[in-house]
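Reader: I would like to go through this structure and ask, at each step, why it is described the way it is.
Author: Then look at it first, and we will take the terms one at a time.

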There are 2 protein chains.
Amino acid sequence: MSLVLTGRGDTARLSKATQQRVKEAAAKLNYVPNRLARGLRSRATRAITVVVPSLQNPFFAEVVGQAQEYGDEKGYSVNVMVASSVESSRRVLSYLAGRSVDGVLLGVDSEPVYDLIKQLLGRGVACATLQAGANLPKEVPNISIDLEAGGALATNHLIGLGHTRIGYITEFTNRTHRKYLGYKRALEAKGFDLRDRWFATGKNTMAGGADAMASLLGQSGLDRPTAVFAYNDLMAIGALRVLKEAGIKVPHDFAVVGFDGTSVGAFTNPALTTVTHQRNAVAIEVLFSMLEHAKKILRKYEVPISLTIRESCGASIGAFAKG
Amino acid sequence: MSLVLTGRGDTARLSKATQQRVKEAAAKLNYVPNRLARGLRSRATRAITVVVPSLQNPFFAEVVGQAQEYGDEKGYSVNVMVASSVESSRRVLSYLAGRSVDGVLLGVDSEPVYDLIKQLLGRGVACATLQAGANLPKEVPNISIDLEAGGALATNHLIGLGHTRIGYITEFTNRTHRKYLGYKRALEAKGFDLRDRWFATGKNTMAGGADAMASLLGQSGLDRPTAVFAYNDLMAIGALRVLKEAGIKVPHDFAVVGFDGTSVGAFTNPALTTVTHQRNAVAIEVLFSMLEHAKKILRKYEVPISLTIRESCGASIGAFAKG
DNA sequence: ATGAAAGCGCTAACAC
DNA sequence: GTGTTAGCGCTTTCAT
C-alpha cells in the first residue's frame, strides 16, 4: 500500500493494476498521509529549512527563493524560519534538532549556537552554513566568501574614482570584522586617513543605514567623507535615502557602494554599485548533495566575488566632493 | 517524565525534587524531543506556517516578520513556505495537510486550491487567509481590505493633484479585478478618459513594474499618462526606476502611487506615496486565537485602509505633465 | 505521587 | 507479487 503512495511501486514488485486500484481508493477516501508519522517511521521528511536572520534583507529573501526553486525540482519541501537574535537562533535550532526536517541551511552565524549545530548533526540533520566563523564544527560545510577581499574591492573602487575620504557604515561596533579589515587595508595601502569619525554604526536595516549615514553627514567640511562603503545593500539603500534628503547628489557629489549584489540594487535611484557573490546557489547545491548522496563534502567553499558597477559611484568624483 | 519537559510538572502531581532530577538527566543526556513523535502522539505541534507567493515582495516579508514575533511570544514556531504558482500552492497545501503544523496563514489565494483548504480544515489544521475570493470555504476567516476602495483612494489622490491622464500597471491582464475597478470608478466619476493604452501589465516584480511602465512611456504626447497607479509597491519601485532612466522627474513631471504601505517605500527616491493597511497584524491575531482558544471566529474581517503620502506624487502637477 | 502500557499513523522488514 | 507485523519516540491513560 504505502509503496504506491511513496512512488516506488514500479521499482518494487506491484502490478500496474494494483497500483491503479490503490491510487483510486486513496483519491476516493481523500487520503493524505500524515507527515509526522511518515517522518517518524522512515526517518526522513524530504524537507529542509532555511534559517535566516531577517527576510527584510533582500539577500536572504533571494537565498530563500532559490532554495525554494531547487527544492521543488528535487521534490523537497523547503521552509524558512527567521532567527533574529542569538536566543531565537537557539530556539529555532533546538526545534530543528527535533528532526522535523532532513537538512538545514544556516544563514545565521554566531559562536554561541555552535553547540546546537553539533546537536543537529548528532541527531542526523544535515547542515550547511553561509559564512560561519572559524570555530564552526568541522563536519559542517561552510560556503563563504572572502569578506575582507570584498571590503577591499569596494574601497579600492572608490579610491580608483578619486575618493580619499571614505566612510564605512555597518551594524558592528567592533573594528575586527573582516569587511572593515578589508576597507582598512585598502585605505592604508594608499596612505589615506582612516578617521574614527568616518566609521558609523547603525542597525542592519534600511533605517539603520540611514541613521549611520546621517551621523556621517553631521560632520562638516573637510572632515566629511565623500564616499561611503556600506556593510550591505540594505544599509546602502538607507544611506542613499539620507543623502537624497540632505540634497547631496549621488553619484555627482557622493559615492555609495553596497554589498551582496541583491537585485533590488538595480532598482534604486541611483542604481547601486555593489560587491556581488553567489554563495547561495553553491550552498543550496551542497546541502542537497549531502541529503541525496550522503556525499563526502568539502569543509569549506570559498565563492568568488566581483563588483557590479551601477550608478551610485559615478565614473569620477564630483564638484561637491572636491570642495 | 514527559510531564516535566512539557512544562506541566506543576499543574500535574510531581514533586519539585523529581522535576529537578528529570531536568538534570535530560540535560546530561543532551535530550532533544523528537517533534515528529511528539506531534504524532499529542496531535499538536505548536507550529504554524505562513504561505506566501514570494518573499521578494516586501509586503509578505513584513507579514512573515510580524508572524514570527507574535509566534515567539506565544511559544509557537513559525515557518514560511513560498508558493509562487497554483501548482506549487497545491504542493505546499498538500504538504501542510499532512499535519506538520497546527495552523496556516494563507497569503496566496486562488479558486483552484480551495479544495485543498477544505482538506486542511478537515484534517484539523486551522486556517486564516489574507484576501481570498468569494468562494473561499466558509469556515475560514478572511482578513481582507476593500481593494476597490483602495484603487479609488489612490486614483482620487492623483485626480486631486490635477492629473487627468492616469495609467494603471498591474500583473493582471483582466479588467475585472477589484483594484482596477476602483481605479476605473474614480476616473469615470469625474468623466475622465480611461484609455486602453493607459493600462499596462507586467509581472508582479520590480522588473515587471519597470516593463509595464516602459510600455506606458512608449506612448507620445497627449496620449501619455502623467501619473500611474501601481498594483503594489514592488511594481511601483520598478516604475520609479524606469521613469528615472527616461529622465522624467518624479514627482515634478510624473506621479506614482503604490499599494501596501510597505516600509521600503519610505526609502525609495522619491519616497513612495502608497495605500496602506494592516491586514497582517489582524490576520495573525485571528489565527492564534483560533489555535489557542478554539474560539468562534468571524468569517470576514475588513481592515481599514489609508493613504500614506510621501513624495512620489508631489503636491501639485509639474510642468511636464501640463505640456 | 509514580511507574507501566497503549497507541498516534505510518513504512520497513519479513513471511507467504 | 502480496498480506502481515513490528515499532519509530513520544504522550496519554490507567494502575498502582
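## Two copies and their helices

Author: In this predicted model, a rotation of 180° with 0.0 Å of shift along its axis places chain B on chain A, with an RMSD of 0.1 Å.

Reader: What makes the two copies related as by a two-fold rotation axis?

Author: The rotation is 180° and the shift along the axis is 0.0 Å. The two copies are thus related as by a two-fold rotation axis.

Reader: How do you know that the copies meet through the same surface?

Author: Of the interface residues of chain B, 100% are also interface residues in chain A, so the surface is the same in the copies.

Reader: How many residues of chain B are in contact with chain A?

Author: 40 residues of chain B are in contact with 40 residues of chain A. On the chain B side, the elements that give two or more residues are α3 (35–42), α4 (58–74), β2 (77–82), α5 (86–97) and α10 (233–245). By class, that side has 18 nonpolar, 16 polar and 6 charged residues.

Reader: Why are α3(A) and α3(B) called oblique to each other?

Author: They pack at an angle of about 135°, with their axes 8 Å apart. Angles over 145 degrees count as roughly antiparallel and those from 65 to 115 as roughly perpendicular. The angle of about 135° falls in neither range, and α3(A) and α3(B) are therefore oblique. The crossing of α3(A) and α3(B) is left-handed.

Reader: Which residues make the contact of α3(A) with α3(B)?

Author: A:L36, A:A37, A:G39 and A:L40 of α3(A) make it with B:L36, B:A37, B:G39 and B:L40 of α3(B). By class, this contact has 6 nonpolar, 2 polar and no charged residues.

Reader: Within chain A, why are α9(A) and α10(A) called oblique too?

Author: The axes of helix α9 (residues 206–217) and helix α10 (residues 233–245) of chain A come within 6 Å and cross at roughly 50°. Roughly parallel would need an angle under 35 degrees, and roughly perpendicular starts at 65. With a crossing of roughly 50°, α9(A) and α10(A) are therefore oblique to each other. This crossing is right-handed.

Reader: What residues does the contact of α9(A) with α10(A) have, by class?

Author: The contact has 14 nonpolar, 3 polar and 1 charged residues. Among them are A:M206, A:A210 and A:L217 of α9(A), and A:L234, A:R241 and A:L243 of α10(A).

Reader: How do you know that the peptide bond joining A:V250 and A:P251 is cis?

Author: The value given for this bond is an omega of about 5°, and the bond is cis. A:P251 is in the loop between α10 and β9 (255–260) of chain A. In chain B, the peptide bond from B:V250 to B:P251 is cis, with omega near 10°. B:P251 lies in the loop between α10 and β9 (255–260) of chain B.

Reader: What is the phi of A:Q131?

Author: Phi of A:Q131 is near 60°, a positive value in a residue other than glycine. A:Q131 is in the loop between β4 (126–130) and β5 (142–145) of chain A.

Reader: Where is the pLDDT of chain A below 50?

Author: The mean pLDDT of chain A is 91, and 92% of its residues reach 70 or more. Over residues 318–323 of chain A, however, the pLDDT is below 50. Where pLDDT is low, the predicted coordinates should not be read in detail. Beyond near neighbours in sequence, the stretch 318–323 has 13 contacts in the model.

Methods. Residues are numbered from 1 along each chain as its sequence is written. Chains are lettered from A and ligands numbered from 1 in the order in which they are written. This is a predicted model: local features need pLDDT of at least 70, side-chain atom pairs count only at pLDDT 80 or more; totals for chains, interfaces and linings use all residues. Two residues are in contact if their C-beta atoms, placed from the backbone, lie within 7 Å. Helices (H or I, at least four residues) and strands (E, at least two) are DSSP runs, numbered from the N terminus. Ala, Val, Leu, Ile, Met, Phe, Trp, Tyr, Cys and Pro count as nonpolar, Asp, Glu, Lys and Arg as charged, and the others, Gly among them, as polar. Copies are superposed by least squares on the C-alpha atoms of residues with pLDDT of at least 70 in both. pLDDT is the predictor's confidence in each residue, from 0 to 100. Axes are lines fitted to C-alpha atoms, for helices over the stretch in contact, and angles run from 0 to 180 degrees between N-to-C directions. A crossing is left-handed if the near helix is turned anticlockwise from the far one by less than a right angle, and right-handed if clockwise.
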